[in-house]
Amino acid sequence: NHLLDAARLEKDRTPPEKEDVELAALIRSTAEGVCLRYQAPTDIIELDLAPCIVQAAPVDLELVFRNLIDNAVKYASDDDPHVRISLEPGPQGLVVARITDNGRGIPPQYRRKLFGRFIRLGSELERDKPGTGLGLYIVRALVTRLGGKVRIHDREQGGRTTFEVQLPGRALEPDSADRQSPQLVGPQS
């Protein structure tokens, strides 16, 4: 699927029709789907999502966040996996989403390279996680097409990679939705 998505992005330079997308709902649904795919307990993902609207094709946003959340779950600590996803209005007409895992982290010298095609870290013979090396390439291409930016941050002590996505958007008006308190993806007790 990644090969087809990458080919579509390179061939079709015409962006799909945009519509108002409630990003918090899309992220929540995508996180649930990723947990289902990995048969992971839903409580490994913590959500802190402010209701925000982004003008985009829903399929593009879903692909961006599915790739990022998929990577976060895949590369989180094997012993005690934890992923935190936040969404909030940012400055100057932007919304900011952050996806943080508690994995090993990404060395600074590789961060820019990871957004290239077919780039994966480590030796092919030593990898324990499957992948094509196209997910982050697709993320950057779509985020750029949407007029946004994507960056990688690590804690200085190592570990805990955060992918930050900034997209043109706005907060949903307070009368339309209330900010949701931090929660886990799964059912609440």
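Two strands pair if DSSP finds at least two bridges between them. Strands β6 and β7 are joined by six bridges and run antiparallel. This is a predicted model, and the account below starts with its overall make-up before turning to β7 and the salt bridges.

**Overall make-up**

The protein has four helices and eight strands. Along the sequence they follow the order α-β-α-β-β-α-β-β-α-β-β-β. The chain has 189 residues, and 44% of them count as buried. Its accessible surface is about 10,600 Å². Carbon and sulfur atoms make up 50% of that surface. Consider the contacts with a separation of 6 or more: 73% of them are between residues 24 or more positions apart.

**Strand β7 and its partners**

Strand β7 covers residues 161-171. Eight of its 11 residues are buried, so β7 is largely enclosed by the rest of the structure. Strand β5 (residues 94-101) is joined to β7 by seven bridges, and the two run antiparallel. Here A97 has V165 as its bridge partner. Strand β6 contributes six bridges to β7, again antiparallel. In this pairing H153 stands opposite T162. Strand β3 (residues 52-56) is joined to β7 by three bridges and also runs antiparallel to it. C52 stands opposite A171 there.

T161 lies in β7. Is T161 buried or exposed? With a relative accessible area of 3%, T161 is under the 20% cut-off, so it counts as buried. Leaving aside residues up to four places away in sequence, T161 touches I99, T100, D101, G105, I106, I152, H153 and D154.

**Salt bridges**

Side chains of opposite charge can pair when their charged atoms come close. How many salt bridges does the structure hold? The structure holds 10. Three of these are set out here, with the distance between the closest N and O atoms.

| Salt bridge | Closest N and O atoms | Separation in sequence |
|---|---|---|
| D48 with R84 | 3.2 Å | 36 residues |
| R145 with D60 | 3.0 Å | 85 residues |
| R151 with E164 | 3.9 Å | 13 residues |

The D48 salt bridge with R84 has its closest N and O atoms 3.2 Å apart. This pair links distant parts of the chain, with D48 in strand β2 (residues 45-49) and R84 in strand β4 (residues 83-89). D48 is buried, at 11% relative accessible area. R84 is partly exposed, at 30%.

R145 and D60 form a salt bridge with a closest N and O distance of 3.0 Å. Here the link is between helices: R145 is in α4 (residues 135-145) and D60 is in α3 (residues 58-75). R145 is partly exposed, with a relative accessible area of 23%. D60 is buried, at 2% relative accessibility.

R151 forms a salt bridge with E164, and their closest N and O atoms are 3.9 Å apart. R151 sits in strand β6 (residues 149-154), and E164 sits in strand β7. R151 is partly exposed at 37%. E164 counts as buried, with a relative accessibility of 8%.

Which residues are linked with R151 and E164 in a network of salt bridges? E88 and R98 are linked with them. Strand β7 thus returns in this part of the picture: E164 belongs to β7, and β7 is largely enclosed because eight of its 11 residues are buried.

Definitions and conventions
Residues numbered from 1 in each chain as written. Predicted model: local features only at pLDDT ≥ 70, side-chain atom pairs only at ≥ 80, totals over all residues. Heavy atoms only, no water. Salt bridge = Lys/Arg side-chain N within 4 Å of Asp/Glu carboxyl O. Buried < 20%, exposed > 50% of the residue type's maximum accessible area, 1.4 Å probe, protein only. Contact = heavy atoms within 4.5 Å. Areas by Shrake-Rupley, 256 points an atom, 1.4 Å probe, with all protein chains shown as cover.
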